[in-house]
Amino acid sequence: MNSIFKDNRVRAIIFILIAGALIFYFKGSSGDARRSVAGIGEPKQEKAKGSTTLQMDDFKVDISYLYSYDIEALVVHTKNYTGGTLGDKLAPKDLALAWGKVAEYNDRIDFNWSQNGRWYYWKTDTYAELNPVGGVSGVSKCSANNHIIGANDAVRASVKKIKAGDHIRMKGYLVNINASRPDGATFYWYSSTTRDDTGDGSCEVFYVTDVTLLD
């Protein structure tokens, strides 16, 4: 084989590998997690009525609509739950979402987002970093952990593909979940309905009927 041709082929392979690595770095989950998006407004919600019921693992699951919910957001972290509990099957994925100044400054503030045990967490090196977003309370008001319950197979498939760095819009309902089984076992999940709360009970239980990947 001609050595020049061989050398060129080797260079081409190396170039492809390097290009692929760079694409993964900038487009993959770790690079996307530091992305920012400016101009995202607050989630919109309006009082709603109605409910739906489903059967899962011998549980009768009542899903009560509290508010219609329409949110545009930057996904800053995701977490899959596969433990096999009713909660894991209802909402196999949690999304940590940001909007407003938090989404805008996500690439400049080292938030170190994480999720575990159905909670989301963030930390920075100094509180001074948070001045552009209104301090700790500003982060709380412009970010939230969401337990995502897909309304149908198409929504569930879309949610499964969502990754950190995605700019998305989701519509549906904030809901309360009350489930019971013939043997007396019960399960409940109650959604937060405000962006000002923190701590236990501050996550949104989000029954999603529509998902759009904006960019």
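Modeller: A charge sits over a ring when NZ of Lys or CZ of Arg lies within 6 Å of the ring centre and within 35 degrees of the ring normal. In this structure, the charged end of Arg 118 is placed that way over the ring of Tyr 81, 4.0 Å from its centre. Arg 108 does likewise with the ring of Tyr 105, its charged end being 4.2 Å from the ring centre.

Colleague: Before we go on, what kind of model is this?

Modeller: This is a predicted model, in which local features need pLDDT of at least 70 and side-chain atom pairs pLDDT 80 or more, while totals for chains, interfaces and linings use all residues. Residues are numbered from 1 along each chain as its sequence is written, and side-chain values use heavy atoms, leaving out hydrogens and water.

Colleague: Back to Arg 118, then: where is its place, and is Arg 118 buried or exposed?

Modeller: Look in the loop between β5 (114-116) and β6 for Arg 118; helices (H or I, at least four residues) and strands (E, at least two) are DSSP runs, numbered from the N terminus. Arg 118 has a relative accessible area of 13%, so it is buried (buried is under 20%, exposed over 50%, partly exposed in between, with a 1.4 Å probe and protein chains only). Its C-alpha atom is separated by 9.4 Å from that of Lys 93, 25 residues apart along the chain.

Colleague: How many aromatic pairs does the structure hold?

Modeller: There are 8 aromatic pairs. Rings of Phe, Tyr and Trp (its six-membered ring) pair if their centres lie within 6.5 Å; planes under 30 degrees apart are stacked, over 60 edge-to-face, and the rest tilted. Take Tyr 188 and Tyr 190: their ring centres are 5.3 Å apart and the planes meet at 40°, so this pair is tilted. Tyr 188 is exposed, at 56% relative accessibility, whereas Tyr 190 is partly exposed, at 44%.

Colleague: Which residues form one aromatic cluster?

Modeller: Phe 111, Trp 113, Tyr 120 and Trp 122 do. Tyr 120 will come back when we turn to pockets.

Colleague: Let's do that: what volume does the largest pocket have?

Modeller: The largest pocket measures about 300 Å³ in volume. On a 1 Å grid over the protein atoms alone, a pocket is an open set of points where a 1.4 Å probe fits, with protein on both sides within 12 Å along at least five of seven lines; lining residues have an atom within 4 Å of a point. Of the 17 residues lining it, Tyr 120, Ser 140, Thr 198, Gly 199 and Ser 202 are the closest to its centre. At least two lining residues come from each of β6 (119-121), α5 (135-141) and β7 (143-150). By class, this lining has 7 nonpolar, 7 polar and 3 charged residues (Ala, Val, Leu, Ile, Met, Phe, Trp, Tyr, Cys and Pro are nonpolar, Asp, Glu, Lys and Arg charged, the others, Gly among them, polar).

Colleague: And which residues are closest to the centre of the second largest pocket?

Modeller: Out of 13 lining residues, those are Pro 92, Lys 93, Arg 156, Val 159 and Lys 160. The second largest pocket has a volume of about 230 Å³. Its lining draws at least two residues from each of α3 (86-90), β7 and α6 (153-161), and divides into 6 nonpolar, 3 polar and 4 charged residues.

Colleague: What does the side chain of Asp 166 reach?

Modeller: A polar contact joins N or O atoms within 3.5 Å; within protein, one must be able to donate a hydrogen and the other to accept it, and residues adjacent in sequence count only if both atoms are side-chain atoms. Asp 166, in the loop between α6 and β8 (167-180), reaches the backbone nitrogen of Lys 163 at 3.0 Å with its side chain. Asp 166 is buried, at 7% relative accessible area. Thr 124, found in the loop between β6 and α5, is also buried, at 17%, and its side chain reaches the backbone oxygen of Thr 126 at 3.1 Å.

Colleague: Which residue has a positive phi although it is not a glycine?

Modeller: Most residues other than glycine have a negative phi. Here Asp 58 has a positive phi of about 70°, and Asp 57 has one near 55°. Asp 57 lies in the loop between β2 (51-56) and β3, as does Asp 58. Asp 57 is partly exposed at 36%, while Asp 58 is exposed at 61%.

Note on methods
Grid points are joined across faces, edges and corners, and a volume is the space filled by probe spheres set on the points.
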